[in-house]
Amino acid sequence: MTPGAQTGKRSGSGATATKLVIDTFRRNRLIPVIVIDDVQHAVPLARALEEAGLPCAEITFRTPRALEALEKISTECPNVLVGAGTVLTPKQAGDARAAGAKFVVAPGFGAAMVDYCVEHDIPVFPGVATPTELEFALSRGLTVMKFFPAESLGGIAYLKSMSAPYGGVEFLPSGGIGLTNMATYLANPRIVAVGGSWMAPADWISDAQFDRIRGEVRKSVKAARAVKQEGK
Ligand code: 3PG
């Protein structure tokens, strides 16, 4: 299986869209995980991320206004790769796509949601924590998946042994990752990118601390670029 191809059960346009998203993740190496309550903050936040060199955002469906925030970013910030996180149901996935989400992420493997995305050519990255869940994702032709909650599960050491039998599978770890430990993941060639809320925590967004977010993102982008991948 070609790493990152995600071609398995997808039709042509789904595979292409997924490849574009994965290529962007691979280039950026970081995915800001966003919890946003106030739609007014959506565009300033997205612009802050873009200005700081990280034009990407996973807007989590954990707040009532998340869908609106996603839609605003999608409409007003065309250079930002915006996706939906914490997507649990087919309806949420459909709503996310309609609002302009370019990708869908979930904490776990919800079969109905994942199957809906695959059928509708929506790039989807379900969370896996065990070989069984990893195999569910593989059975849908997915070769890049979220690894969550990364640190609580045992970090890169657990991920290495859990995924050892499955060549060609790559990961987007998140959960407990920040500036101080992201290199442990990014150094591993099976890591496409790491996700996390540390670059734009919910309280910084609600307090409109966009300069602070810009600063943290710049620092993180620089640190991520400095990590050398093992074997390269
Ligand atoms: C996620 O959905 O990926 C996580 O909630 C991010 O975890 P963090 O807040 O520990 O970065």
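This text walks through the strands, helices and ligand surroundings of one structure. The model is predicted.

Start with strand β2, which covers residues 56–60. Is it buried or exposed? Five of its five residues are buried, so the strand is mostly covered; here a residue counts as buried if 20 or more other C-beta atoms lie within 10 Å of its own. The cover lies on both faces. Cys 56, Glu 58 and Thr 60 are buried on one side. Ala 57 and Ile 59 are buried on the other.

Now look at the partners of β2. Strand β1, residues 30–34, runs parallel to β2 and is joined to it by two bridges. In this pairing, Val 33 has Glu 58 of β2 as its bridge partner. How does the chain get from β1 to β2? It passes through helix α2, residues 42–51, in a right-handed β-α-β crossover.

Strand β3, residues 81–85, also pairs with β2. Five bridges link the two strands, again in the parallel sense. One residue to find here is Cys 56, whose bridge partner in β3 is Leu 81. Helix α3, residues 66–76, belongs to this part of the chain: β2, α3 and β3 form a right-handed β-α-β unit.

Next comes helix α5, residues 111–119. Which of its residues are buried? They are Met 113, Val 114, Tyr 116, Cys 117 and Val 118. Helix geometry helps in reading such a list. An α-helix has 3.6 residues a turn, so residues three or four places apart point the same way. The cover over the buried residues of α5 includes helix α4 (90–98) and the strands β4 (104–105) and β5 (124–125). Just after α5 sits Asp 121, with a positive phi of about 60°.

Further along the chain is an open sheet of three strands. Their order is β6-β7-β8, and they pair in parallel. β6 (127–128) and β8 (170–173) are the edge strands; each has a single partner strand, so one side of each lacks a neighbour in the sheet. Strand β7, residues 144–147, shares four bridges with β8. Within that pairing, Met 145 is matched with Phe 171 of β8.

Last, turn to the ligand. Which residues come nearest? Of the 13 around the ligand, they are Val 33, Ser 174, Gly 175, Gly 196 and Ser 197. Val 33 is thus a residue met before, as the bridge partner of Glu 58. By class, the shell holds five nonpolar and eight polar residues, and no charged ones.

Technical notes. Residues are numbered from 1 along each chain as its sequence is written. This is a predicted model: local features need pLDDT of at least 70, side-chain atom pairs count only at pLDDT 80 or more; totals for chains, interfaces and linings use all residues. Two strands pair if DSSP finds at least two bridges between them. A residue is buried if 20 or more other C-beta atoms lie within 10 Å of its own, exposed if 12 or fewer, and partly exposed in between; C-beta atoms are placed from the backbone. Two residues are in contact if their C-beta atoms, placed from the backbone, lie within 7 Å. A residue is near a molecule or strand if its C-beta atom, placed from the backbone, lies within 6 Å of it. Ala, Val, Leu, Ile, Met, Phe, Trp, Tyr, Cys and Pro count as nonpolar, Asp, Glu, Lys and Arg as charged, and the others, Gly among them, as polar. A crossover is right-handed if, with the strands pointing away from the viewer, the path from the first strand over the helix to the second runs clockwise.
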